[in-house]
Amino acid sequence: MKYSYHFLPGLLVIACLLMCSCTKEDDLKEAPRGFLSPDNIFLTREGFDPALSNLYRISRGLVTTELYPGEGDKKLTAIYGSGTDLGWYWDKKLNYGDYSIINPTDPLAGEYWNLLYSMVKDCNVIISRLEVSPLAETDKKTIGAAAKFFRAYAYRFLVHLYGDVPKITTEITSPKFDYVRAPKTEVLALMIEDLSYASLNLPVTNPGNGKLSKAAADHLLTETYISSGDFDKAITAASRVINDVQYKLMTTRFGTLSDKPGDVFWDLFRLGNQNRSGGNMESILVWQMEFGVLGGEASYTLERSWGPYIEVLVDTENKKAILSADSLGRGVGFFTPSPYLETEIWQSDFQNDIRNSKHNMQREFYNNNPASKEFRQVIKPKPEFINRSYHVWVKKASSPYGHPQGYDPNGRLYTDIYAMRLAETYLLRAEAYLGKGDKANAAADINMIRARAKATPVNAANVDIAYILDERARELVAEEPRRLTLSRLGLLYDRVLKFNAVSKGTIKPFNNLLPIPQNAIDANSGAVLNQNPGY
């Protein structure tokens, strides 16, 4: 059964107020009995379940549009790619195309900050209430492990996107206006503590269908140890996942639509194939979407963002060249790939790397209008369409042959979303090996990925952080939050200068971090919440 996340206003489900008369003196005490509150809900395992479900929901919301006001699909391009080495927003200015207009009132920076601290707040409530709850010790450990995983997950985005941030570890029960920023090292240390606890107490057997397991904690622990400079511990954490027989890279075709033209990399991203229940042994953690299920709303919008706006293409007689089709979906072209992504990273293996096959990186589009005299011919776009309507389509961001029945094809999908998969664990371990100066083992891990892709093995002498970033782009494009990765490594500025012709003229070194939201600074009247330099 698919695990769905139900909409919860705030932390708790609000129940109807039950009216009752109070005659005893004890009944006059301020103990909530006619409605649900933290004082009477966190007494059973079932009482904690809605709060945990909300953490799953917010985590998924960080990479979908369900929690964003306004045009969230456009804002999210800046997390996945716009204004990075991968490309820019189509108008070349908004959503981090032009860094000179980014300031402390930036909508994405403010909304992300609020979402992340909402998550931290909810985690702290769960952790604090567990300490005084009557639950059995085993339940306390499993619930606490999940809450601590999600707290670390929230701080992962906070510390890499904003730098030093307030470190909050307890439930806040009264107004507080004196937050100060903790050094990044302290926040990383808290994350390591939380994830180490989660690794010890989450289920070893991956339950699948979007639920946490030990491997998810170890995967994130690997990345966090790398950020703290402890490469040996990062290697150990990654190896616990890689050596677990539950996990392996998928190397043969599988799952739904495996009878269609494609390859195993294409199969990884087809509707229903992300989960372990679909035979996928590579998945570690997958955010769940489901058509027609409460909490499974269509908020995964990368098809809209990464798919070129081909529906406006015309033939030489100005007749429509593209008619709506399930195999195409509906791209709107918010994101324009850079030459780096479109061609440069594929040069050495352009023809043989399956990640660059026509199934996965579609560069030609065929006229499918029977009324056109150019029916079934490759479309030759007019120059004005090149920027937004005719560029490479990263097909993992789409769902060809997989839009569910009854679905309005507007580019918002119900496909499940990888949060973590084994291929990235290999690349993280390669990064840790490189940090130690062990290029041979770094190359060996990278070549596990390249072997599946039928790409030429990399020579150990050629492995550096730039090569690992290239390999991450080949393997994880439209999947990893690219901005987070580059900011984590302190390389956003350098990579934009080198590969993003649109943004390189406006970006400054301080743009490696997002601004601290001005409304957070203004509300913090009891202490100075310092702004990041440059903003």
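A residue counts as buried here when it has under 20% relative accessible area. With that cut-off in hand, a good place to start in this predicted model is strand β2, residues 283-287. The strand is mostly covered, with 5 of its 5 residues buried. It doesn't sit alone, either: β2 pairs with strand β6 (residues 417-421) in the antiparallel sense, over 4 bridges. One contact to look for is Val286, whose bridge partner in β6 is Tyr418.

Strand β6 turns up again once the inner spaces are mapped. The structure holds 4 cavities of 30 Å³ or more, and the largest of them has a volume of about 160 Å³. Its lining is made of 16 residues, and those nearest the centre are Tyr418, Ala419, Glu479, Glu480 and Pro481. So which element gives the most to this lining? That's β6, with 5 residues. Both α5 (137-162) and β6 supply at least two residues each. Sorted by class, the lining of the largest cavity comes out as 11 nonpolar and 5 charged residues, with no polar ones.

The second largest cavity takes up about 100 Å³. Tyr418 and Glu479 are part of its wall too, along with Tyr80, Phe269, Gln274, Tyr300, Lys396, Thr415, Asp416, Ile417 and Ala478. This lining does include polar residues: the split is 6 nonpolar, 2 polar and 3 charged.

Next come the charged pairs. Side chains of opposite charge can pair when their charged atoms come close. A search of the whole structure turns up 41 salt bridges. One of them joins Asp85 to Arg482, with the closest N and O atoms 2.8 Å apart. Asp85 sits in the loop between α3 (72-80) and β1 (87-89), while Arg482 belongs to helix α16 (residues 482-488), so this pair ties together parts that are 397 residues apart in sequence. Are these two partners buried or exposed? Both Asp85 and Arg482 are buried.

Arg482 has another partner as well. Its side chain meets that of Glu480 in a salt bridge, at 3.0 Å from N to O, and both of these residues are buried. Glu480 has already come up above, as one of the residues nearest the centre of the largest cavity.

A further salt bridge brings together the side chains of Arg495 and Asp470, this time at 3.1 Å from N to O. Here the link runs between two helices, with Arg495 in α17 (residues 492-499) and Asp470 in α15 (residues 465-476), 25 residues apart. Once more, Arg495 and Asp470 are both buried. Some salt bridges share partners and build up into one network, which joins Glu282, Asp349, Asp353, Arg355, Lys396, Arg421, Arg450, Arg452, Glu471, Arg474, Glu475 and Glu479. Two names in that list, Lys396 and Glu479, also line the second largest cavity.

Helix α7 makes a handy check on geometry. It covers residues 214-228, which is 15 residues, and at 1.5 Å a residue it should span 21 Å; the end C-alpha atoms are 21 Å apart, so the expectation and the model agree. To get that expected span, 1.5 Å is multiplied by one less than the number of residues. Why is α7 described as largely enclosed by the rest of the structure? Because 13 of its 15 residues are buried. Right after the helix comes Gly229, which has a positive phi, near 85 degrees.

That leaves the open spaces, the pockets. The largest pocket contains about 650 Å³ of space. It is lined by 24 residues, and the closest to its centre are Lys358, His359, Gln362, Glu364 and Tyr366. By class, this lining has 11 nonpolar, 8 polar and 5 charged residues.

The second largest pocket holds about 500 Å³. Of the 22 residues along its lining, Trp113, Tyr117, Ile168, Lys176 and Tyr179 are the closest to the centre. Helix α4 (107-132) and helix α18 (518-523) each supply at least two lining residues, and the largest share, 7 residues, comes from α4. Nonpolar residues number 13 in this lining, next to 6 polar and 3 charged.

Definitions and conventions
Residues are numbered from 1 along each chain as its sequence is written. This is a predicted model: local features need pLDDT of at least 70, side-chain atom pairs count only at pLDDT 80 or more; totals for chains, interfaces and linings use all residues. Side-chain values use heavy atoms; hydrogens and water are left out. On a 1 Å grid over the protein atoms alone, a cavity is a set of points where a 1.4 Å probe fits but cannot get out, and a pocket is an open set with protein on both sides within 12 Å along at least five of seven lines; lining residues have an atom within 4 Å of a point. Grid points are joined across faces, edges and corners, and a volume is the space filled by probe spheres set on the points. Ala, Val, Leu, Ile, Met, Phe, Trp, Tyr, Cys and Pro count as nonpolar, Asp, Glu, Lys and Arg as charged, and the others, Gly among them, as polar. Buried means under 20% relative accessible area, exposed over 50%, partly exposed in between (1.4 Å probe, protein chains only). A salt bridge is a side-chain nitrogen of Lys or Arg within 4 Å of a carboxyl oxygen of Asp or Glu. Two strands pair if DSSP finds at least two bridges between them.
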